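Reader: I am new to this structure and would be grateful for a close look at a single part of it. Please concentrate on one strand and its surroundings.

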Amino acid sequence: MHKAVILDRDGTLNEDKDYVYKTEDFKLLPGVIEGLKLLSKDFIFVIITNQSGIGRGVYTEEDMHKFNEKLIDELKKENIEIKKIYFCSHIPEDNCDCRKPETKNIQQARRDFDIDIEKSWIIGDHPSDIELGKRMGTRAVYLLTGHGKKHSEDLAKPDFIAENFMEAAKFIIKND
Ligand SMILES: [Mg+2]
Ligand SMILES: [Zn+2]
């Protein structure tokens with residue numbers, strides 16, 4: 001079994017806008033490369049992302065895949081491997097079972113990569129990321145990058161609140 005860090009995408013790894021999907025808008029957040037390198041000694045990585053912009057017609061699934069490829073490529077250049085990106089394209093009103101904090105995608109990741117969920121962590125900048133961790137029994141770090149500051153009031157209790165990705169990574173290594 002593998003220990004994993006389950007990563008949110010927008011506002012966690014790359015800069016968020018209201019909807020970010022153009023590759024020219026792709027920008028990694030500070031500390032992400034260094035943080036992932038630190039974590040990669042002990043953990044595998046998957047990304048789980050809510051992409052309701054597809055369901056809302058703001059951009060297409062193809063746009064998202066291009067953006068994802070850009071992200072994967074930039075990380076690969078640094079010898080960082082993302083095993084897979086799982087996404088939900090629905091809007092909340094669809095009541096699907098894959099939009100975080102629903103658990104379908106994380107369950108699938110667990111099966112795909114034999115993830116030891118209790119020894120795994122989630123990092124995200126939205127309360128739904130922390131809630132997902134609570135539902136699954138991972139530990140969870142909340143990031144104040146991205147949307148983090150906006151939502152920090154209505155938060156299910158994370159194990160740690162980090163100012164940035166590197167701080168999150170250091171906490172995880174220390175408390176692993
Ligand atoms: Mg996010
Ligand atoms: Zn969904």
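Author: The following account concerns strand β4 and its surroundings.

The model is predicted: local features need pLDDT of at least 70, side-chain atom pairs count only at pLDDT 80 or more, and totals for chains, interfaces and linings use all residues. Residues are numbered from 1 along each chain as its sequence is written, and chains are lettered from A and ligands numbered from 1 in the order in which they are written.

The protein has seven helices and six strands; these are DSSP runs, helices being H or I of at least four residues and strands E of at least two, numbered from the N terminus. Read from that terminus, the elements follow the order β-α-β-α-α-β-α-β-α-β-α-β-α. The radius of gyration, taken over C-alpha atoms, is 15 Å, close to the 16 Å from the globule rule (2.2 Å times the number of residues to the power 0.38) for 176 residues, so the protein is as compact as a globular protein of that length.

The six strands form an open sheet with parallel pairing, in the order β3-β2-β1-β4-β5-β6; two strands pair if DSSP finds at least two bridges between them. Strands β3 (84-88) and β6 (160-162) are at the edges, each with a single partner, so one side of each has no neighbour in the sheet. Strand β4, by contrast, stands between β1 and β5 in that order.

On one flank, β1 and β4 are joined in the parallel sense by three bridges, and I6 has I122 in β4 as its bridge partner. On the other flank, four bridges link β4 (residues 121-124) with the parallel strand β5 (residues 139-143). Across this pairing W121 is opposite R139, and G124 is opposite Y142.

The connection between these two strands involves helix α5 (residues 127-136), which makes a right-handed β-α-β unit with β4 and β5. Right-handed here means that, with the strands pointing away from the viewer, the path from the first strand over the helix to the second runs clockwise.

In a regular strand the side chains alternate between the two faces of the sheet. In β4, W121 and I123 lie on one side, I122 and G124 on the other, and all four are buried, that is, each has 20 or more other C-beta atoms, placed from the backbone, within 10 Å of its own. Helix α7 (residues 165-175) lies across β4, as well as β1 (4-7), β5 and β6; contact requires C-beta atoms, placed from the backbone, within 7 Å.

Methods: Two residues are in contact if their C-beta atoms, placed from the backbone, lie within 7 Å. Axes are lines fitted to C-alpha atoms, for helices over the stretch in contact, and angles run from 0 to 180 degrees between N-to-C directions. A residue is buried if 20 or more other C-beta atoms lie within 10 Å of its own, exposed if 12 or fewer, and partly exposed in between; C-beta atoms are placed from the backbone.
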